[in-house]
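Q: Please take a close look at one part of this model, the salt bridge and its two partners, and then set that part beside the pockets and the exposed nonpolar residues.

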Amino acid sequence: MNTFGDLLISATSQGLLWSLMAIGVYLTFRVLDLADMTAEGSFPLGGAITTMCLIQGVNPILATIAAFGGGMVAGLITGVLNTKLKIPDLLAGIVTMTGLYSITSRVMKNAANVSLLGKDTIFTLAQNWGLSRTNAVIVMGAIIALLVIIILIAFFRTEIGLAMRATGDNPEMSAANGIKTQSMKICGYMISNGCIALSGALLAQNNGFADLNSGVGTLVVGLASIIIAEVLVHNLGIAARLLTLVLGAIIYRIILALVFQMNVQPSDAKLASALVLIICLALPNFHLHKRGTKNVSRTKN
């Protein structure tokens with residue numbers, strides 16, 4: 001297989017796992033209209049919980065679910081800080097993220113890295129179906145991402161889900177109509193960080209180790225995936241948007257893979273990621289400016 005084919009397959013496998021991060025960030029960033037920095041703490045927490053569970057011989061599926069639960073607890077803390085203690089959303093996330101660093105370190109027994117060498121993971125289960133390692137990651141990643149999206153679509157069609165979306169759209173009007181906006185925000189924080197921790201758990205299993213510092217810069221991946229998805233297709237409902245987030249995450253990983261083909265030094269990886277995000281953030285403004293110029297030209301004519 002040619003080099004670009006290998007790159008495409010690798011980026012797709014990684015993008016599927018990172019798409020859960022994008023979905024989690026989307027729930028707070030777009031649905032609830034909140035700036036949540038907890039992601040950079042809940043991501044490594046998910047990886048740490050799953051890794052330590054697997055080392056203790058816990059079933060990989062249960063270990064992955066445990067990571068989702070750990071992320072929900074992290075989201076609960078941020079939600080309480082924001083809604084009950086009236087700490088601004090951005091600051092509440094930073095406070096939780098900072099505290100989670102120590103908690104994750106304790107979970108990993110004060111080790112910076114914990115290896116999964118020789119341990120069965122959720123991808124090992126897929127390999128038992130006769131799939132290669134890469135194909136196992138793609139298949140299992142696609143199954144989990146699709147399952148999460150289906151559950152979220154069903155959730156947002158319930159009364160609670162509709163109330164959560166209404167809270168994000170107009171919290172004052174929602175409160176006036178009897179919606180418990182504080183509870184909806186807490187619920188959103190929990191689901192969001194649960195998805196982010198799930199992404200961390202899957203990537204730890206794929207990489208073969210949990211890293212205490214793996215959360216640094218992860219929010220960039222989620223934001224870039226969202227922006228790419230929104231640039232590709234405008235004005236989608238939440239169901240279709242969740243699906244395009246997967247595509248956005250895959251495209252972002254392909255862009256990064258192409259950038260890294262240019263002999264980028266490992267120490268410059270974060271800088272390269274930041275530059276890609278800047279380009280992604282600037283694209284919508286470029287399209288709007290171009291569209292506005294065309295409208296002005298038509299008016300003059």
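**The salt bridge and its surroundings**

A: In this predicted model, Glu-230 counts as buried because its relative accessible area is 18%, under the 20% limit for that class. Its partner Arg-30 has a relative accessible area of 35% and is therefore partly exposed. Glu-230 and Arg-30 form a salt bridge in which the closest N and O atoms are 2.7 Å apart. The pair joins distant parts of the chain, since Glu-230 belongs to helix H10 and Arg-30 to helix H1, with the two positions 200 residues apart in sequence. Side chains of opposite charge can pair when their charged atoms come close. The count of salt bridges in the model comes to one.

The helices that hold this pair also appear in the description of the pockets. The largest pocket has a volume of about 540 Å³. Its lining comprises 27 residues, and those closest to the pocket centre are Trp-18, Ser-214, Val-216, Thr-218 and Lys-270. Helix H1 (3-31) and helix H10 (218-232) are among the elements that give two or more residues to this lining, as are helix H2 (39-55), helix H9 (181-207), strand S2 (209-211), helix H11 (238-260) and helix H12 (269-300). By class, the lining of the largest pocket contains 15 nonpolar, nine polar and three charged residues.

The second largest pocket holds about 330 Å³ of space. It is lined by 14 residues, of which Phe-68, Leu-147, Val-148, Ile-151 and Leu-198 lie closest to its centre. Helix H3 (60-83), helix H6 (133-155) and helix H9 each supply at least two lining residues, and helix H6 gives the largest share, six residues. This lining has 13 nonpolar residues, one polar residue and no charged residues.

Nonpolar residues are also found at the surface. Val-58, Ile-61, Leu-62 and Ile-65 form a nonpolar surface patch with about 350 Å² of accessible area together. Within this patch, Ile-61 is located in helix H3 and is classed as partly exposed because its relative accessible area is 44%. Leu-117 lies in the loop between strand S1 (113-115) and helix H5 (122-127). With a relative accessible area of 78%, Leu-117 is exposed, because that value is over the 50% limit for the class. The C-alpha atoms of Leu-117 and Ile-55 are 9.5 Å apart in space, although 62 residues separate the two in sequence.

Methods
Residues are numbered from 1 along each chain as its sequence is written. This is a predicted model: local features need pLDDT of at least 70, side-chain atom pairs count only at pLDDT 80 or more; totals for chains, interfaces and linings use all residues. Side-chain values use heavy atoms; hydrogens and water are left out. On a 1 Å grid over the protein atoms alone, a cavity is a set of points where a 1.4 Å probe fits but cannot get out, and a pocket is an open set with protein on both sides within 12 Å along at least five of seven lines; lining residues have an atom within 4 Å of a point. Grid points are joined across faces, edges and corners, and a volume is the space filled by probe spheres set on the points. Helices (H or I, at least four residues) and strands (E, at least two) are DSSP runs, numbered from the N terminus. Ala, Val, Leu, Ile, Met, Phe, Trp, Tyr, Cys and Pro count as nonpolar, Asp, Glu, Lys and Arg as charged, and the others, Gly among them, as polar. Patches are made of residues with over 30% relative accessible area and no salt bridge: like charges are joined within 9 Å, nonpolar side chains (Val, Leu, Ile, Met, Phe, Trp, Tyr) within 5 Å. Accessible areas come from the Shrake-Rupley method with a 1.4 Å probe; for residues, only the protein chains shown count as cover. A salt bridge is a side-chain nitrogen of Lys or Arg within 4 Å of a carboxyl oxygen of Asp or Glu. Buried means under 20% relative accessible area, exposed over 50%, partly exposed in between (1.4 Å probe, protein chains only).
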